[in-house]
Amino acid sequence: MRIDVITLFPRMLDGFLTESILGKGIESGRLAVNVHDLRQWTTDKHRTADDRPFGGGAGMVLKPEPVFAAIEQLQTPGCRRIYLTPDGTPLSPALAGELSRQQHLVLLSGHYEGIDQRIRDTVIDQEVSIGDYVLTNGTLAAAVLIDALARFIPGVLGEEKSLTTESFTSKLLDFPQYTRPAEFRGMSVPEILLSGNHAEIEKWRHARQVEKTRQVRPDLLK
Ligand code: 6GU
């Protein structure tokens with residue numbers, strides 16, 4: 001899968017793309033992420049990518065010219081062009097899974113008060129939000145989207161089976177995990193986990209999941 005990110009803050013993604021599970025997916029060639037500085041498509045000497053909004057108001061708005069030029073250069077037939085914005089469709093596991101099956105995504109990160117509406121009307125296919133809070137720009141949201149969908153690309157997550165047992169694919173929150181030592185500062189690991197009785201362990205874990213979900217996210221049980 002190929003992903004192109006267009007942003008005013010390309011360096012925000014540096015560490016994110018080289019570390020951890022995602023870095024391995026990129027190394028293995030299953031995922032290729034290219035980060036582009038929007039300013040490379042500006043044409044004036046100040047490299048202006050934004051301007052004040054018509055009609056007045058606070059903040060700055062991304063200008064159409066560099067964004068159209070960027071998307072027109074990077075897009076391929078059949079690719080999905082996505083704008084990250086707090087007024088987009090909420091990101092869900094289903095959406096992350098669907099996007100992970102695309103061949104090519106172009107992700108546009110906006111900033112400040114937004115982007116010229118003509119961009120959204122013409123060269124954007126889908127608008128995605130990562131939650132009901134506002135970030136200063138969409139670059140971290142693009143990172144979140146990439147991370148969420150990379151987990152659905154076969155071979156990117158080390159162990160395939162962790163996908164199916166984790167939170168939200170099952171609609172239950174996770175059970176508690178423990179590792180060595182069995183006793184730490186007077187706190188013991190629950191006896192059942194040391195018993196080797198896998199049927200009983202499964203039962204215990206499921207009960208903890210239901211208990212945790214009822215406490216923290218009762219809406220998921222409805
Ligand atoms: Cl996609 N962008 C910004 N700027 N803020 C957000 C967001 C996106 N999703 C939630 N908050």
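## Core, ligand shell and local features

I3 contacts L31, A32, V33, N34, L105, L107, I146 and L149, not counting neighbours within four places in sequence. Contact here means heavy atoms within 4.5 Å. The model is predicted: local features need pLDDT of at least 70, side-chain atom pairs count only at pLDDT 80 or more, and totals for chains, interfaces and linings use all residues. Residues are numbered from 1 along each chain as its sequence is written, and side-chain values use heavy atoms, with hydrogens and water left out.

**Nonpolar cores**

I3 also stands out in the largest nonpolar core. Of the 25 residues there, I3, L107 and L149 touch the most other members. Five elements each supply at least two residues of this core: strand 1 (2–7), strand 5 (80–90), helix 4 (93–100), strand 6 (104–109) and helix 6 (139–150). Helix 6 gives the most, with 7 residues. Another core lies apart from this one. The separate core holds 19 residues, including L8, V67, L108 and I115.

A nonpolar core is a set of buried Ala, Val, Leu, Ile, Met, Phe, Trp, Tyr and Cys residues joined through side-chain atoms within 4.5 Å. Buried means under 20% relative accessible area, exposed means over 50%, and partly exposed lies in between (1.4 Å probe, protein chains only). Helices (H or I, at least four residues) and strands (E, at least two) are DSSP runs, numbered from the N terminus.

**Ligand shell**

Which residues are closest to the ligand? They are T85, I130, G131, Y133 and L135, from a shell of 13 residues. A shell residue has a heavy atom within 4 Å of the ligand. Strand 5 and strand 8 (126–129) each supply at least two shell residues. Strand 5 gives the most, with 3 residues.

Three polar contacts are tabulated below. A polar contact is a pair of N or O atoms within 3.5 Å; within protein, one must be able to donate a hydrogen and the other to accept it, and residues adjacent in sequence count only if both atoms are side-chain atoms.

| Residue | Protein atom | Ligand atom | Distance |
|---|---|---|---|
| I130 | backbone N or O | nitrogen | 3.0 Å |
| Y133 | backbone N or O | nitrogen | 2.5 Å |
| L135 | polar backbone atom | nitrogen | 3.0 Å |

Taken alone, the ligand exposes 290 Å², and the protein buries 96% of that. Accessible areas come from the Shrake-Rupley method with a 1.4 Å probe; for residues, only the protein chains shown count as cover.

**A three-strand sheet**

An open sheet of 3 strands runs in the order 3-4-7, with mixed pairing. Strand 3 (50–51) and strand 7 (114–115) are the edge strands, each pairing on one side only. Two strands pair if DSSP finds at least two bridges between them. Strand 4 (residues 61–62) pairs with strand 7 in the parallel sense over 2 bridges. L62 has I115 of strand 7 as its bridge partner.

**Helix 3 and R118**

Helix 3 covers residues 64–74, and its buried residues are P64, P66, V67, F68, A70, I71 and L74. Their cover includes strand 1, strand 2 (32–37), strand 4, strand 5, strand 6 and helix 5 (117–122).

R118 sits in helix 5. Outside its neighbours within four places in sequence, R118 contacts P64 and F68. The C-alpha atoms of R118 and P64 are separated by 7.0 Å, with the two residues 54 apart along the chain. The side chain of R118 also makes a polar contact of 2.8 Å with that of D116. R118 counts as partly exposed, at 48% relative accessibility.

**T213 in helix 8**

T213 belongs to helix 8 (residues 198–216). Is T213 buried or exposed? T213 is buried, at a relative accessible area of 0%. A polar side-chain atom of T213 lies 2.7 Å from the backbone oxygen of Q209. Leaving aside neighbours within four places in sequence, T213 contacts K171, L172, L173, P218, L220 and L221.

**Backbone geometry**

R47 is not a glycine, yet has a positive phi of about 55°. R47 lies in the loop between strand 2 and strand 3 and is partly exposed at 40% relative accessibility. R185, also not a glycine, has a positive phi near 50°. R185 lies in the loop between strand 9 and strand 10 (187–188). R185 is exposed, with a relative accessible area of 73%.

The peptide bond between R180 and P181 is cis, with omega about 5°. P181 lies in the loop between helix 7 (162–165) and strand 9 (183–184).
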